[in-house]
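Please look over the chain shown here before reading on. The paragraphs that follow go through it part by part, from the interior outward to the charged pairs and the cysteines.

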Amino acid sequence: MAHVKVADELCTVSLPAALLGERWTLLLLRQAFLGTRRFEDFQTAMDISRSVLTERLGTLVEEGILRREAYKDVRTRYEYRLTEKGLDLYPVLMALRKWGDRWMSPAEGPSFDLHHRACGGDVGVHVACEGCGAELTARDVRVTPLRDSGA
């Protein structure tokens, strides 16, 4: 069987995995959701090289996940802000965080908690049926192919 690049598969899991699967990209998104906006702040928070940071930010801007907004310091610089497409990744990162807290958390526990601003409740991640609202696990779901995958 010939090796197929993940990004070449026409699958709505493999295509985002190819874009987001590199660790720096996910960490950049984490920082953006934590409020980091400026290049130097990303670099400091993540201890990432300037060249890797430039490349990853460029990709996220090109893909429409972040947008660049000019601001004036001594010279014109740019902030990176999440777009609607980027904001839609929030549940993905929260699901990864929940899994990491359960299965990979250091002995001292997670580094921070998340709480709903309005009521103070803990932030959770749920997969639910859009018809009846029932919370689902993988065992509760039936897959219905929409086209021949060629496999």
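What covers the buried residues of H2? In this predicted model, the cover includes helix H1 (14-20), H3, H4, strand S1 (66-72), S2 and H6. The residues of H2 that are buried are Trp24, Thr25, Leu28, Leu29, Gln31 and Ala32. Around the helix axis they take up an arc of only 160°, which places them on the same side of H2. The two ends of this helix can also be described: at its start, the backbone nitrogen of tryptophan 24 has a side-chain oxygen of glutamate 22 within 3.0 Å, and after H2 comes glycine 35, which has a positive phi near 105°.

From this helix the reader can move to the nonpolar interior. The largest nonpolar core comprises 19 residues, and Leu28, Leu29, Phe42, Leu53, Leu57 and Leu66 are those with the most contacts inside it. At least two residues of this core come from each of helix H2 (23-33), helix H3 (39-46), helix H4 (50-62), S2 and helix H6 (90-103), and with four residues H2 gives the most. Phenylalanine 42 shows how such a residue is surrounded: leaving aside residues up to four places away in sequence, phenylalanine 42 touches Leu28, Gln31, Ala32, Thr36, Arg37, Asp47, Ile48, Leu53, Leu57 and Tyr80.

One of the contacts of phenylalanine 42, Asp47, deserves a separate look. Aspartate 47 is located in the loop between H3 and H4, and at 69% relative accessibility this residue counts as exposed. Its backbone has a positive phi of about 55°, although aspartate 47 is not a glycine. As background to that value, most residues other than glycine have a negative phi.

Another loop position gives a contrasting case. Threonine 83 sits between strand S2 (76-82) and helix H5 (84-87). Is this threonine 83 buried or exposed? With a relative accessible area of 13%, threonine 83 is buried, and its contacts, not counting residues up to four places away in sequence, are Gly64, Ile65, Leu66 and Arg67.

The charged side chains come next. The structure holds eight salt bridges, and one of them joins the side chains of glutamate 40 and arginine 77, with 3.3 Å from N to O. This pair connects distant parts of the chain, since glutamate 40 belongs to helix H3 and arginine 77 to strand S2, 37 residues apart. Glutamate 40 is partly exposed, with a relative accessible area of 31%, and arginine 77 is likewise partly exposed, with a relative accessible area of 24%. A further salt bridge is formed by the side chains of glutamate 55 and arginine 56, at 3.0 Å from N to O; here arginine 56 counts as buried, at 16% relative accessibility.

Some of the charged residues are joined in a wider arrangement. Arg38, Arg67, Glu69, Glu79 and Arg81 are linked in a network of salt bridges, and within it the side chains of glutamate 79 and arginine 81 meet at 3.0 Å, N to O. Glutamate 79 is buried, with a relative accessible area of 12%, whereas arginine 81 is partly exposed, with a relative accessible area of 25%. From arginine 81 one may also look along the chain to valine 92, which is placed in helix H6: these two residues are 11 residues apart in sequence and 18 Å apart in space, C-alpha to C-alpha. Valine 92 is partly exposed, its relative accessible area being 40%.

The cysteines remain to be considered. How many disulfides does the structure hold? The number is zero. Cysteine 132 has its closest cysteine sulfur in cysteine 129, and because the two sulfur atoms are 3.9 Å apart, they are too far for a bond. Cysteine 132 is exposed, with a relative accessible area of 62%, while cysteine 11 counts as partly exposed, at 30% relative accessibility.

Terms used:
Residues numbered from 1 in each chain as written. Predicted model: local features only at pLDDT ≥ 70, side-chain atom pairs only at ≥ 80, totals over all residues. Heavy atoms only, no water. Buried < 20%, exposed > 50% of the residue type's maximum accessible area, 1.4 Å probe, protein only. Contact = heavy atoms within 4.5 Å. Core = buried A, V, L, I, M, F, W, Y, C linked by side-chain atoms within 4.5 Å. Salt bridge = Lys/Arg side-chain N within 4 Å of Asp/Glu carboxyl O. Disulfide = S-S within 2.5 Å. Arc of directions from axis to C-beta. Polar contact = N/O pair within 3.5 Å; in protein donor to acceptor, adjacent residues only side chain to side chain.
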